[in-house]
Amino acid sequence: MAAPESLSLAQARRVALAAQGFADPAPAGVPTRRHLRRVLDRVGLIQMDSVNVLQRAHYLPLYSRLGPYPTALLETAAYRRPRELFEYWGHEASLVPVGLHAALRWRMARARTHAWGGMRRVAEEQPELVAWVRDEVAARGPLTAAEIEHDAPRETGNWGWNWSAVKRALEFLFWAGEVAAAERTTSFARRYDLPERVLPTAALDAPTPTDAEAYRTLVSVAARCLGVAAEPELRDYFRLPLAGARQAIAELVEAGELRPVAVPGWRQPAWLHAAARLPRRVRVATLVSPFDPLVWERARTERLFDFSYRIEIYVPAPRRVHGYYVLPFLHGERFAARVDLKADRRAGVLLVPAAWREPGIDEGETAVALAAELYRLAGWLGLAAVAPPVAGDLAAPLAAALKGVGGVP
């Protein structure tokens, strides 16, 4: 699109949604590796999280953009040769395209100063244990932490989330890029191996850029995936240092890849990516993960969509406002509702502890669209039914809509 000097808020929303892949056509038939690559190009990386009350977080961004898809598509790309993704600290724990391995080596090189405290301490205080753990992985990998712990030298005490010294050593080596995640077990534990036995040779052999070059690459990816953003969001996408991100933004502006643009209500300068698209409209009806890159930066989410959102997993139950695992419902070009969900796999039912409407929406239209989406999600998860919502100001109309769509147990 031509480079405007300003965008209306509605235009900025459409730019952001298009950049994230929500304006792309739905796959005709079962999604393929081509569709997976298209989504990866839109989102840049996929955040992981261990919570499994509904579905593992890394599977959901593809569902939100492709609809029901075979999860083996993502598992194969991440854990089978030829790998297209690898696990590393990108935004948080993430699946990152292998082509960005070189651009993240600056973080690997700073493990001794930037890794979490327990990892740093074990590297400083027990270097012989770290070396022993690496040798075990080299000799016997791929291995889980538990498999190594079985033969580890005895230690005294645990730290953090009951991590043993062996687990801390493995996590330090993982941060430093000296071991990699070969796969995940059914219980979501990593199996560690040497990078040369996990990552493609081309990724490992790629020249290591300077820190400035790496920051520029990562900010460029973030800017393309966000479409329009302010400095904090461009920096947050890959959790970059402030000075490095600012320099990268300035260099990308000078190169013409980023262009300044005014957006109403945005106090900080906004930057529009040169390849950003402005569709005439975005028609979508899908649930979005709490860990989706569209909503990573909560301040941007509120500026763009007038949608104040937080995940309440870590909030004590009596203080939760909307629920434990609440997903925003993206309908058209706005978030129209939010719904607390839980998969009861034993009973084969998608539970809806609460459903809430956003101000100014058409309640009936939203309820019908959300009901259809809940049945679509349930089918993808292998659940046979959707339970009526228990609480929330959208509960009654949603319950009625669910009956109309497919019946409620």
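Helix H1 is largely enclosed by the rest of the structure, because eight of its 11 residues are buried. This description, like everything that follows, refers to a predicted model. The buried residues of H1 are Ala12, Arg13, Arg14, Val15, Ala16, Leu17, Ala18 and Ala19. Arg13 and Arg14 are thus among the buried residues of the helix, alongside residues such as Val15 and Leu17. The partners against which these buried residues pack comprise three helices, H2 (33–43), H12 (211–226) and H15 (298–305), together with strands E6 (228–230), E8 (270–273) and E10 (326–331). After the helix comes Gly21, which has a positive phi near 95°.

The setting of H1 becomes clearer from the division of the protein into domains. The domain assignment gives domain 1 as residues 9–101 plus 207–273, domain 2 as 115–199 and domain 3 as 310–406. Between domain 1 and domain 3, the C-alpha centres are 26 Å apart. Their contact draws 17 residues from domain 1 and 18 residues from domain 3.

How much area do domain 1 and domain 3 bury between them? The size of an interface is often expressed as the accessible area lost when the parts come together. For domain 1 and domain 3 this amounts to about 1,600 Å², of which 66% lies on carbon and sulfur atoms. On the domain 1 side, the residues that lose the most area to domain 3 are Val53, Leu54 and Tyr63, which together account for 45% of what that side buries.

Polar and charged groups also take part in this interface. One salt bridge is counted between domain 1 and domain 3. The side chains of Arg14 and Glu333 form a salt bridge, with an N to O distance of 3.7 Å. Arg14 is also one of the buried residues of H1. Across the interface of domain 1 and domain 3, seven residue pairs are found in polar contact. On the side of domain 1 that touches domain 3, the elements giving two or more residues are helix H1 (9–19) and helix H3 (60–66). H1 gives the most, with three residues. By residue class, this side of domain 1 divides into 10 nonpolar, four polar and three charged residues.

Within the numbering of domain 3 (310–406), Ala355 offers an example of a residue with no accessible surface. Ala355 is placed in strand E12, which spans residues 349–357. Ala355 counts as buried because its relative accessibility is 0%. Beyond its neighbours within four places in sequence, Ala355 is in contact with Arg338, Val339, Pro389, Ala391, Gly392, Asp393, Leu394, Ala395 and Leu398. By contrast, 40 Å separates the C-alpha atom of Ala355 from that of Phe174, a residue 181 positions away along the chain.

Another buried residue is His101, situated in the loop between strand E3 (93–97) and helix H5 (105–109). His101 is classed as buried because its relative accessible area is 7%, below the 20% cut-off. Its side chain makes a polar contact with the side chain of Arg105 at 3.2 Å. Leaving aside neighbours within four places in sequence, His101 is in contact with Phe86, Met108, Leu199, Ala203 and Leu204.

The backbone deserves separate attention. Most residues other than glycine have a negative phi, and most peptide bonds are trans. Where does the model depart from these general patterns? A cis peptide bond joins Arg81 and Pro82, with omega about -5°. Pro82 belongs to the loop between helix H4 (72–79) and strand E2 (85–89). The peptide bond from Gly141 to Pro142 is likewise cis, with omega near 5°, and Pro142 lies in the loop between helix H8 (127–140) and helix H9 (145–149).

Positive phi values occur at Phe188, at about 75°, and at Arg239, at about 55°; neither residue is a glycine. Phe188 is in the loop between strand E4 (180–184) and strand E5 (190–193), whereas Arg239 is in the loop between helix H13 (231–236) and helix H14 (242–254). Are these two residues buried or partly exposed? Phe188 counts as buried because its relative accessibility is 13%, while Arg239, at a relative accessible area of 35%, is partly exposed.

Conventions: Residues numbered from 1 in each chain as written. Predicted model: local features only at pLDDT ≥ 70, side-chain atom pairs only at ≥ 80, totals over all residues. Heavy atoms only, no water. Domains from an automatic or database assignment. Contact = heavy atoms within 4.5 Å. Buried area = accessible area lost by both parts, 1.4 Å probe. Salt bridge = Lys/Arg side-chain N within 4 Å of Asp/Glu carboxyl O. Polar contact = N/O pair within 3.5 Å; in protein donor to acceptor, adjacent residues only side chain to side chain. Helix = DSSP H or I, 4+ residues; strand = E, 2+ residues; numbered from the N terminus. Nonpolar A, V, L, I, M, F, W, Y, C, P; charged D, E, K, R; others polar. Buried < 20%, exposed > 50% of the residue type's maximum accessible area, 1.4 Å probe, protein only.
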